[in-house]
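Look at the fold below before reading on. This report walks through its charged pairs, its helices and strands, and its buried parts.

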Amino acid sequence: MSSTPSEFSGVVDVRKRLSDVGYLPDESIETVTYLAERLRKPVLVEGPAGVGKTELAKAVAEARGAELIRLQCYEGLDEAKALYEWNYKKQLLRITHARGGDAKAGESWDEVEDDLFGEDYLLERPLLRALRHPGDVVLLIDEVDKVDFEFEALLLEILSDFQVTIPELGTVRGSRHPFVVLTSNNTRELSEALKRRCLYLHLDYPSVEREKQIVLSRVPEAPEHLTDQLVRIVRSLRQLELKKPPSISETLDWARTLLELGFDSIDESVARGTMNVLLKYQQDVEKAVGHLRLPPRPEMN
C-alpha cells in the first residue's frame, strides 16, 4: 500500500494530488471531492459518456493510495452479484460429507446448518467487500442509472448507514468509511431518496483550453499547435447531432494516432483517413467529414 496520506488536507491539496496522477480538476470537482471526504457523503457524478466520471474515481483512489473497488451496473443486476451470495457448491459438499463420506456416523442438522451459513461459505461481492475492507477504499458504483428502483433501495441502507443486513449473519457494519462515487449517464431519472444521500457533481465536455491541457498532460509529445487544432475540431464535432459525440479518451486516442502516423497538422485528407478513431458510427463519420472543410497541409520544400 502506498505511503501517500489518505485524506485530503484541503481543496488545494485535492487539486495538486489529482493533477499529480494525471487528472486535471476544475473548481467544482476540487470542492465536491474535498467536501465528500469531510462530510462522509457519496458523490453522484452525472453527465454524458466520456467526460471523465469514472476516471475521477480512479484518480481519487490513486491520489489517496487507496484500493479501487468497482461495481459495474447493468440492467438486471441483483443482490447476489452486487452484495454477496453463498457458495452453493461448497455448501453441497459440506452436506454430502455430513450425510456420510468420511463422517460415517453422520452429523446433526444443527451442526451442519451452523457451518453452512458461516464466513467460510460467504462470497463477497463489491459492495460487501468495500464495506468490510480494513484499509482505505474508493467504491465506484458505475452507471447506476442502468439498475432498477428496487436495486436503488438496496443501496440506500449502505449509503446512509454504511451497513447492510445479512439474514443469516446479522447486521454487517463497515470498519472504515469508503470514498464513494456513483456515476450516471442520465439514461433515466434517479430516485430523490438516492440523490438526497449524495453530493451532486455535473461533468460536461471540457472547454477548448481545458481539453488542450488534458491532451498535453496525457500526450506530452504532441506539439502544441497540433493539439490546439485537434481539440478545436473535436469541439466543433460535438456541436453536431451525432449518435455518439467523441469522448475525451477518444480525443486522446486521435492525438496518439496522428503522432503515430507522423502528422503534425490536420487537413481534410488526414481527418478523413483517421476519423474512425474519433467516431464509432459510419453515419457520424460521414456527417463529420461533410462538416469539416479544412485547408490542405502546406507542401514541404
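Lysine 58 is partly exposed, because its relative accessibility is 33%. Here, buried means under 20% relative accessible area, exposed means over 50%, and partly exposed lies in between (1.4 Å probe, protein chains only). Its partner is glutamate 55, and their side chains meet in a salt bridge of 3.6 Å, N to O. A salt bridge is a side-chain nitrogen of Lys or Arg within 4 Å of a carboxyl oxygen of Asp or Glu. Glutamate 55 is partly exposed too, with a relative accessible area of 34%. Both residues lie in helix α3, 3 residues apart, about one turn of the helix. Helices (H or I, at least four residues) and strands (E, at least two) are DSSP runs, numbered from the N terminus.

This is a predicted model: local features need pLDDT of at least 70, side-chain atom pairs count only at pLDDT 80 or more, and totals for chains, interfaces and linings use all residues. Residues are numbered from 1 along each chain as its sequence is written, and side-chain values use heavy atoms, leaving out hydrogens and water.

**Salt bridges**

The structure holds 22 salt bridges. Three of them are set out here.

| Pair | N to O distance | Place |
|---|---|---|
| Lysine 58 and glutamate 55 | 3.6 Å | helix α3 |
| Arginine 15 and glutamate 30 | 2.9 Å | helix α1 and helix α2 |
| Arginine 272 and glutamate 268 | 3.5 Å | helix α13 |

Arginine 15 and glutamate 30 link distant parts of the chain, 15 residues apart. Arginine 15 is partly exposed at 37% relative accessibility. Glutamate 30 is buried, with a relative accessible area of 4%. Arginine 272 and glutamate 268 are 4 residues apart, about one turn of helix α13. Arginine 272 counts as exposed at 51%, while glutamate 268 is partly exposed at 24%. Elsewhere, salt bridges that share partners join Lys212, Glu224, Asp228 and Arg232 into one network.

**The whole protein**

The protein has 14 helices and 9 strands. Of its 301 residues, 48% are buried. Take the contacts with a separation of 6 or more: 74% of them join residues 24 or more positions apart. Contact means heavy atoms within 4.5 Å.

**Helix α1**

Which residues of helix α1 are buried? They are Asp13, Val14, Arg17 and Leu18. These residues sit on the same side of α1, because they cover an arc of only 120 degrees around the axis. The arc is that of the directions from the helix axis to the C-beta atoms. Val12, Lys16 and Asp20 are exposed on the other side. The cover over the buried residues includes α2 (27–39) and α3 (53–64). After α1 comes glycine 22, with a positive phi near 90 degrees.

**Strands β1 and β9**

Strand β1 (residues 43–46) runs parallel to β9, and 4 bridges join them. Two strands pair if DSSP finds at least two bridges between them. Valine 43 has leucine 199 as its bridge partner in β9. Strand β9 covers residues 199–202; Leu199 and Leu201 form its covered face, Tyr200 and His202 its uncovered one. In a regular strand the side chains alternate between the two faces of the sheet.

Glutamate 46 belongs to strand β1. What is the nearest side chain of opposite charge to glutamate 46? It is lysine 195, 4.3 Å away; glutamate 46 is buried yet has no salt bridge. For charge, Lys and Arg count as positive and Asp and Glu as negative; His and the chain ends are not counted. Among the contacts of glutamate 46 are Lys53, Ser184, Tyr200 and His202.

**The nonpolar cores**

A nonpolar core is a set of buried Ala, Val, Leu, Ile, Met, Phe, Trp, Tyr and Cys residues joined through side-chain atoms within 4.5 Å. The largest one has 36 residues; Leu127, Leu128, Ile141, Val144, Phe151 and Leu182 touch the most other members. The elements giving two or more residues include β2 (67–72), β5 (137–142) and α8 (149–161). The largest share, 6 residues, comes from α8. Apart from this core lies another of 27 residues, among them Leu258, Ala271, Met275 and Ala288.

Leucine 182 is in contact with residues including Val43, Ile141, Leu155 and Leu194. Leucine 194 lies in helix α9. Leucine 194 is buried, because its relative accessible area is 0%. Leucine 194 also touches Val144, Glu152, Leu156 and Leu159, among others.

Definitions and conventions
Lists of a residue's contacts leave out its neighbours within four places in sequence.
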